[in-house]
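User: I should like to go through this structure and ask, at each step, on what grounds a description is given. Please set each value against the definition behind it.

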Amino acid sequence: MTIEPSRRTLLALAAATGALSGLPAFTASAAPDRPADSASYEGTSHDTLWWRAPADEHSMIEQGLPVGNGRLGALASNDPGRELLLVTDATMWTGGRNDTLDADGQFPYGRDDFGSFTLLARLAVDIPDHDLSAVNGYRRTLDLARGVVTTSYVRAGVTYRREIFASRPDDVIVLHFTQNGGGRYTGSVTLEGTHGEGATAASFGAAFPNGLRYGAAVKAYGTGGRVAVNGNRIDFSGCRDLTVVVSGGTDYAPDARTDYRDPALDPEELARTKVRDAAAHTADVLLRTHVADHRALFGQLGLSLGTSTDEQRALDTWERLKARARDGVPDPELEAQYLQFGRYLMIAGSRDSLPLNLQGLWLDGNDPDWMGDYHTDINIQMNYWMADRAGLTRSFDALTDYCLAQLPSWTDTTRRLFNDPRNRYRNSTGRNAGWTVAISTNPHGGGGWWWHPAGNAWLCNSLWEHYEFTGSRTHLEKIYPLLKGACEFWEARLLTTTLPGTTREVLIADSDWSPEHGPLDAKGITYAQELVWALFGNYCVAAAELKRDSGFADTVAGLRKRLHLPQVSPRTGWLEEWMSPDNLGETTHRHLSPLVGLFPGDRIRPDSPPELVAGATALLTARGMESFGWANAWRALCWARLKNAENAYRLVVNNLRPSGDGSNGTAFNLFDIYEVEKGRGIFQIDANFGTPAAMIEMLLYSRPGRIELLPALPGAWAAAGAVSGVGARGGFVVDLRWRDGKPIEARIRSVGGRTTTVEYGGTSRTVTLRPGASVTLKDFTR
């Protein structure tokens with residue numbers, strides 16, 4: 001259970017002098033030291049994004065700026081005359097358990113059965129005489145370090161300013177409007193639902209057909225004028241400043257025993273209470289409390305990839321992206337900002353509620369593609385590759401908690417339906433045990449689309465990797481039932497076969513689909529073999545660490561020894577994707593399913609047998625360098641693992657290209673755009689996390705017992721740079737400085753790890769530390 005700091009503690013933190021809370025003394029920030037005693041401090045250009053225009057109300061997903069507290073989120077338009085917020089709650093889902101199969105053996109997959117992530121509310125603050133045409137000097141910023149969106153402009157000689165933030169301590173979104181003297185605000189506030197609830201001046205409550213109850217509330221207050229309810233809106237007039245507070249949520253509960261509901265919770269009343277309690281404080285107090293909480297996480301990682309030019313810095317964020325793509329000139333500070341933007345989204349989108357789905361926490365309507373679901377064949381995993389690497393370990397807990405809450409439903413559905421005759425992937429053995437998932441999952445225990453047999457292994461391996469970063473025994477105890485149940489599933493599923501031309505018997509996965517292409521009935525697909533091989537190894541270590549189920553662990557270890565592992569095709573020279581020398585799918589397919597042993601696994605490494613490395617490299621080369629954002633991110637991670645810095649960097653830069661007319665690339669607000677068809681692109685958040693993960697992997701590779709410095713440092717970042725707070729598997733955190741492409745100093749701090757080997761360019765040092773201790777290494781030329 002997370003123990004929340006009190007407001008007094010947070011305000012004390014905000015008032016403390018020195019470095020950012022949680023930032024190691026070895027700081028990698030290229031920015032000048034910034035004071036921690038002022039919540040009104042605006043971050044330097046190194047951690048602030050800015051634009052010269054507000055969002056178009058009809059293009060909010062590409063232009064609105066995101067705020068969030070890990071549960072409650074919003075996109076803000078920042079229009080001077082009409083501030084629009086599209087408000088979301090992570091649990092605002094239609095649909096239900098969805099535990100039936102259709103005639104083709106698939107789970108129903110639509111908005112009425114599987115369900116969809118949807119908007120909670122629309123909040124508008126109308127200030128008619130501040131129409132955009134009547135102002136000048138417009139500027140809006142997203143301060144990544146403080147978690148605050150700011151808008152400023154001049155009207156009739158008065159500078160007006162508004163700040164928007166989503167406070168986790170107060171669990172509200174706050175809009176604060178001020179001016180520098182002589183100005184006044186007059187207008188109205190309207191809150192309305194997005195499912196036919198209508199507009200309200202105070203609050204609304206309703207329920208979906210699935211029984212999920214939801215509600216939202218708003219309150220406004222100001223000084224020097226009048227604020228009053230007028231029908232279905234709040235009017236304000238002549239106010240020197242104005243504060244608007246909004247909150248909301250649902251009665252969702254992460255408990256299968258109560259059908260994922262909290263019957264004692266009244267969402268509308270709770271929202272009213274939250275806005276009333278928050279409004280008892282000044283906007284300055286709310287801001288300081290929020291900033292202290294946000295910076296305690298954001299400050300865990302500092303980064304400098306080099307110095308950009310004055311000409312680059314003078315451009316706003318959108319013009320800077322366009323210049324980077326047009327001119328081909330590296331912009332290391334912009335590239336570092338992109339990584340930090342990913343961290344900002346993680347803090348804003350993943351804290352103590354449901355994990356990040358395909359949309360993260362942000363929507364512009366109630367019909368997101370693929371229902372904004374949890375795709376278990378890459379996307380939900382990619383969303384969390386960055387967390388431990390980027391100093392955001394606590395953000396990972398949302399994924400763990402989700403899997404634990406869903407496990408009873410997943411187990412029940414697997415045991416009832418997996419061997420159903422309609423399921424093309426049912427077990428030929430006729431046996432069934434444990435649990436697995438569908439390709440798509442929702443928060444109600446439901447699956448969508450096809451069964452995904454190897455999805456259980458991939459989820460478990462992600463949860464296991466978090467243990468490798470943290471060494472948390474509490475986490476290991478939590479996830480043990482998931483690991484064991486997945487192993488039980490595979491014990492029942494594996495088939496014995498004799499390899500062609502030999503007398504050797506091996507174990508292979510039953511009929512499956514290599515996501516998301518190729519034959520639908522292939523046995524022994526590389527994707528499943530690699531994931532199950534890793535799962536079995538992880539489970540055996542977990543059982544030994546916890547001293548549980550030694551007999552079953554011995555059985556699993558025996559199964560692992562008999563698993564067939566993929567080979568290199570004598571025809572293509574590629575690592576085989578299927579148990580066939582032929583390529584049975586698309587050469588440049590978006591998924592890298594057969595390369596899961598390279599990344600996120602590391603069975604395939606540069607020091608593996610040369611023919612295996614060559615086969616993986618050849619397959620990765622054939623997949624190409626152009627794809628969707630998430631696919632480019634995965635390719636970049638694989639190239640980083642192969643120590644090909646320039647290919648990895650090229651893929652990062654590809655994702656930074658501005659999106660135009662729905663093309664793949666980065667939107668005006670830095671959201672990643674996925675081109676679903678010519679002229680139509682959608683926001684899908686996984687690349688916003690996968691690309692930063694690749695950037696970190698280029699700076700540091702780790703596995704238990706080994707840390708490698710600068711394995712894939714591109715020339716664009718080589719001159720000088722630093723990073724602090726990078727998580728390393730084995731239970732360590734690393735701070736690193738480099739110059740001329742070589743490390744000049746590395747500090748290794750234990751967060752539970754004991755011994756590791758630190759390597760660079762053939763030089764290695766063995767480091768032994770007690771938890772909490774650190775050592776600084778220099779001189780890597782020996």
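User: Where in the chain is Arg146 placed?

Analyst: The model is a predicted one. In it, Arg146 lies in the loop that runs between strand 6 (136-143) and strand 7 (148-155).

User: Why is Arg146 called buried?

Analyst: The term buried applies under 20% relative accessible area. Arg146 has 2% relative accessibility, and therefore counts as buried. Its C-alpha atom is separated by 8.1 Å from that of Ala292, although the two residues are 146 residues apart along the chain.

User: Where is Phe117, and what makes it count as buried or exposed?

Analyst: Phe117 is in the loop between strand 4 (82-89) and strand 5 (121-126). Its relative accessibility is 0%, so Phe117 counts as buried. The C-alpha atoms of Phe117 and Val135 are separated by 37 Å, with their positions 18 residues apart along the chain.

User: What makes Asp241 buried, exposed or partly exposed?

Analyst: Partly exposed covers the range between the limit for buried, under 20%, and the limit for exposed, over 50%. Asp241 has 21% relative accessibility and therefore counts as partly exposed. The residue belongs to strand 16 (residues 241-250).

User: Which residues does Asp241 touch, leaving aside those up to four places away in sequence?

Analyst: With that exclusion, Asp241 touches His176, Phe177, Thr178, Tyr185, Tyr221, Gly222 and Thr223. A touch here is a contact, with heavy atoms within 4.5 Å. Asp241 and Gly225 are 16 residues apart in sequence, and their C-alpha atoms are 8.6 Å apart in space.

User: How do you know that Ala542 is buried, and what does it touch?

Analyst: Ala542 has a relative accessible area of 0%, and so it is buried. The residue is in helix 13. Not counting residues up to four places away in sequence, Ala542 touches Trp464, Leu476, Tyr480 and Leu483. For one of these, Leu476, the C-alpha atom is separated by 7.1 Å from that of Ala542, at 66 residues apart along the chain.

User: How many disulfides does a search of the whole structure find?

Analyst: The search finds 0 disulfides. Cys460 illustrates the test: the nearest cysteine sulfur, that of Cys487, is 7.3 Å away. A disulfide requires two cysteine sulfur atoms within 2.5 Å, so a pair at 7.3 Å does not meet the definition.

User: Why are Cys460 and Cys239 called buried?

Analyst: Cys460 has 1% relative accessibility and therefore counts as buried. Cys239 has 0% relative accessibility, so Cys239 counts as buried as well.

User: What is noted about phi at Trp449 and Lys643?

Analyst: Most residues other than glycine have a negative phi, and most peptide bonds are trans. Trp449 has a positive phi, near 70°, and is found in strand 20 (residues 447-452). Lys643 has a positive phi, near 65°; this residue is found in the loop between helix 16 (629-641) and helix 17 (645-656). Lys643 counts as partly exposed, because its relative accessibility is 37%.

User: Which residues does a cis peptide bond join, and what is omega there?

Analyst: One cis peptide bond joins Pro515 and Glu516, with omega about -20°. Glu516 is found in the loop between strand 22 (505-508) and helix 13 (526-546). Another cis peptide bond joins Phe599 and Pro600, with omega about 10°. Pro600 is found in the loop between helix 14 (550-562) and helix 15 (610-623).

User: How do you know that the radius of gyration of the chain agrees with a compact globule?

Analyst: For 782 residues, a compact globule would have a radius of gyration near 28 Å; the chain has 26 Å, and therefore agrees. Along its principal axes the C-alpha trace spans about 90 × 65 × 50 Å. Of the 782 residues, 63% count as buried. Among contacts with a separation of 6 or more, 67% are between residues 24 or more positions apart.

User: How many helices and strands does the chain have, and how many positive and negative side chains?

Analyst: The chain has 18 helices and 33 strands. There are 80 positive and 91 negative side chains, and the centres of the two sets lie 5 Å apart. The chain exposes about 26,700 Å², of which carbon and sulfur atoms supply 49%.

Conventions
Residues numbered from 1 in each chain as written. Heavy atoms only, no water. Buried < 20%, exposed > 50% of the residue type's maximum accessible area, 1.4 Å probe, protein only. Helix = DSSP H or I, 4+ residues; strand = E, 2+ residues; numbered from the N terminus. Rg over C-alpha atoms; globule rule 2.2 N^0.38 Å. Areas by Shrake-Rupley, 256 points an atom, 1.4 Å probe, with all protein chains shown as cover. Lys, Arg positive; Asp, Glu negative; His and termini not counted. Charge placed at Lys NZ, Arg CZ, Asp CG, Glu CD.
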